[in-house]
Amino acid sequence: MDWFRIQSGVTQDPRLSVVARRSGLARAEVLALWLMLYDHASRNRPRGSLEGLGADEIAAHLDMDVQKTAAALDALYDRGMITTENHLAEWVQVQRLSTERVRAYRARQAQEYSAAGTAEADSSEKGEI
């Protein structure tokens, strides 16, 4: 199963309020749309791509008006939240944070394990175990 991160505070992101106002959708609908885009981008290859997902599919899945959904997507493009290459603009930045943190954690764990193994070997050589 693939996982994805989403920014803390996304429910209060003022950009989504602007998108809601411009499209005529309710704020909750825009939030559902944004979450659906993240989910699709996570499952797509390359990750972060919105290829293969359009206003018709989104409107059908979320039971929303297709014209308002298209207007919301246009507003997301206009705000720079979706790139002209049809990718979530912040995808790499948001997802990489987790990868870098996990790599750093695993490196620390390996160092601690290595240090513990060295200390244990030193103790056994002295007959302390």
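This report describes the helices, aromatic residues and selected loop contacts of one protein.

## Overall architecture

The structure is a predicted model. The protein contains 5 helices and 0 strands, and its elements follow the order α-α-α-α-α from the N terminus on. Of the 129 residues in the protein, 29% are buried. Considering contacts between residues at least 6 apart in sequence, 59% join residues at least 24 apart.

## Packing of helices

Two packed helices are described by the angle between their axes and the distance between the axes. Two such pairs are treated here.

The pair formed by helix H1 (residues 14–23) and H2 packs at an angle of about 115°, and the axes are 9 Å apart. H1 and H2 are therefore roughly perpendicular to each other. Their crossing is right-handed. On the H1 side, the residues that take part are Leu16, Ser17, Val19, Ala20 and Ser23, and these meet Arg27, Val30, Leu31 and Trp34 in H2. Sorted by class, the contact of H1 with H2 comprises 6 nonpolar, 2 polar and 1 charged residues.

Further along the chain, helix H3 (residues 55–62) and helix H4 (residues 66–78) have axes that come within 9 Å and cross at roughly 120°. This angle makes H3 oblique to H4, since the range for roughly perpendicular is 65 to 115 degrees. The crossing of H3 and H4 is right-handed. Here Ala55, Asp56, Ile58 and Ala59 of H3 meet Val66, Thr69, Ala70 and Leu73 of H4. The contact of H3 with H4 has, by class, 6 nonpolar, 1 polar and 1 charged residues.

## Aromatic residues

A pair of aromatic rings is described by the distance of the centres and the angle of the planes. The structure holds 3 aromatic pairs, and two of them are described here. In the pair of Trp34 and Tyr38, the ring centres are 5.4 Å apart and the planes stand at 70°, so the arrangement is edge-to-face. Both residues belong to helix H2 (residues 27–43), where Trp34 and Tyr38 are 4 residues apart, about one turn of the helix. Trp34 and Tyr38 are both buried.

Tyr38 also forms an aromatic pair with Trp91; this pair is tilted, with 5.7 Å centre to centre and 45° between the planes. Because Tyr38 lies in helix H2 and Trp91 in helix H5 (residues 91–125), the pair ties together parts that are 53 residues apart in sequence. Phe4, Trp34, Tyr38 and Trp91 form one aromatic cluster. Trp34 thus has a place both in this cluster and in the contact between H1 and H2.

## Burial of selected residues

The table gives the relative accessible area of five residues, two of them from the aromatic cluster.

| Residue | Relative accessible area | Class |
|---|---|---|
| Tyr38 | 0% | buried |
| Trp91 | 5% | buried |
| His40 | 15% | buried |
| Glu90 | 22% | partly exposed |
| Pro46 | 52% | exposed |

## Contacts of His40, Pro46 and Glu90

His40 is located in helix H2. When residues up to four places away in sequence are not counted, His40 touches Ser49, Leu50, Glu51, Gly52 and Leu53.

Pro46 is situated in the loop between H2 and H3. Its contacts, leaving aside neighbours within four places in sequence, are with Ala41 and His87. Pro46 and His87 are 41 residues apart in sequence, and their C-alpha atoms are 9.4 Å apart in space.

Glu90 occupies a place in the loop between H4 and H5. Its neighbours within four places in sequence being left aside, Glu90 is in contact with Gln7, Arg15 and Tyr38. Tyr38, which pairs with Trp91, is therefore also a contact of Glu90, given that contact means heavy atoms within 4.5 Å. Glu90 and Gly48 are 42 residues apart in sequence and 8.7 Å apart in space, C-alpha to C-alpha.

Note on methods. Residues are numbered from 1 along each chain as its sequence is written. This is a predicted model: local features need pLDDT of at least 70, side-chain atom pairs count only at pLDDT 80 or more; totals for chains, interfaces and linings use all residues. Side-chain values use heavy atoms; hydrogens and water are left out. Axes are lines fitted to C-alpha atoms, for helices over the stretch in contact, and angles run from 0 to 180 degrees between N-to-C directions. Helices (H or I, at least four residues) and strands (E, at least two) are DSSP runs, numbered from the N terminus. Angles under 35 degrees count as roughly parallel, over 145 as roughly antiparallel, 65 to 115 as roughly perpendicular and the rest as oblique. A crossing is left-handed if the near helix is turned anticlockwise from the far one by less than a right angle, and right-handed if clockwise. Ala, Val, Leu, Ile, Met, Phe, Trp, Tyr, Cys and Pro count as nonpolar, Asp, Glu, Lys and Arg as charged, and the others, Gly among them, as polar. Rings of Phe, Tyr and Trp (its six-membered ring) pair if their centres lie within 6.5 Å; planes under 30 degrees apart count as stacked, over 60 as edge-to-face and the rest as tilted. Buried means under 20% relative accessible area, exposed over 50%, partly exposed in between (1.4 Å probe, protein chains only).
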